[in-house]
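Work through these exercises with the model open. Try each task before reading its solution.

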Amino acid sequence: MSNKTITIAIDGYSSSGKSSMAKALAKKIGYRYIDSGAMYRAVTLYAMRNNMISPDHIVDCDALVASLPHIKIDFKVCEDGQHTILNGEDVESLIRQLDVSNNVSQVAVIPEIRHALVAMQQSFGIEKGIVMDGRDIGTTVFPNAELKIFVNASAETRAMRRHKELIEKGQQSTYEEVLANVVTRDHIDETRKESPLRKADDAILLDNSNMSIAEQDTWLINEYNKAIANNK
Ligand code: CDP
């Protein structure tokens, strides 16, 4: 059996639990984990702070694209996991708030933003040994990834999970608001022209609606072991 490191792409719908399973796998096998959604969220936060998004979610694309050279995104490993750093500031908790979620998919449709972030994501994975989660990792960022997973669960299940997560973090929101956000983002992500959310033909589908976290982690490690065995 080969010990060669591989690239692992985990895509799926919003709040499907893909980040949790991607993080757990990366930790277990000693790979680097990158949350590509955090990068779109950080760009969105920058746009909101610089008045480039109107209250009805219209993005000033030209201004935002022109600002790209001034937007620097890094990741820092902290005790409670990986934090997203925007121009030197730790924005991990800010980018998870519902106001950012309500604008992020409108930012993620902009082709120039996608090209810049995809290039950065590809540079993180140049030496393999990486688990990356997002919407277009198996189709666009790493089309040659040795292991591709596509995660889904019902919109109601996903909204319930995300609502619980926000409440636990002390962030105010109602279940209905979160469900509306999940459904709207799914629609924008699936219908955009540039690298829409879709399962890569060679991705393994996982519906985790009725799975516990422990069960999905075990399922994923099993798929990883199979991929390694096939990667002779
Ligand atoms: O955690 P959650 O599932 O809510 O979403 P996320 O992974 O943080 O991504 C936030 C948003 O960024 C998504 O709804 C997409 O609009 C966008 N995104 C994308 O377009 N491509 C990616 N590779 C990752 C995220």
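**Exercise 1.** What span should the 14 residues of helix α7 (residues 155–168) have at 1.5 Å a residue, and how far apart are its end C-alpha atoms?

Solution. This is a predicted model. Start with the rule: the expected span is 1.5 Å times one less than the number of residues. For the 14 residues of α7, that gives 20 Å. Now check the ends: the C-alpha atoms there are 20 Å apart, so the two values agree. Then look just past the helix. G170 takes a positive phi of about 80 degrees there.

**Exercise 2.** Find which residues of α7 are buried, and what covers them.

Solution. Take buried as under 20% relative accessible area. The buried residues of α7 are then A155, T157, R158, A159, R162, H163 and L166. An α-helix has 3.6 residues a turn, so residues three or four places apart point the same way. Next, find the cover. It includes α2 (36–49), β7 (147–152) and α8 (175–191).

**Exercise 3.** Describe the surroundings of the ligand, from the nearest residues to the polar contacts.

Solution. Begin with the 19 residues around the ligand: R41, R114, D136, R162 and D189 come nearest. R162 is also one of the buried residues of α7. Sort the shell by class: four nonpolar, six polar and nine charged residues. Now list polar contacts to ligand oxygen atoms. The side chain of R114 has an N or O atom at 2.7 Å. For R192, the distance is 2.9 Å. For K18, it is 3.0 Å. Finally, take the cover: the protein hides 98% of the 530 Å² of accessible area that the ligand has on its own. The elements giving two or more residues to the shell are α2, α4 (98–108) and α8. The largest share, four residues, comes from α2.

Key:
Residues numbered from 1 in each chain as written. Predicted model: local features only at pLDDT ≥ 70, side-chain atom pairs only at ≥ 80, totals over all residues. Heavy atoms only, no water. Buried < 20%, exposed > 50% of the residue type's maximum accessible area, 1.4 Å probe, protein only. Contact = heavy atoms within 4.5 Å. Near = heavy atom within 4 Å. Polar contact = N/O pair within 3.5 Å; in protein donor to acceptor, adjacent residues only side chain to side chain. Areas by Shrake-Rupley, 256 points an atom, 1.4 Å probe, with all protein chains shown as cover. Nonpolar A, V, L, I, M, F, W, Y, C, P; charged D, E, K, R; others polar.
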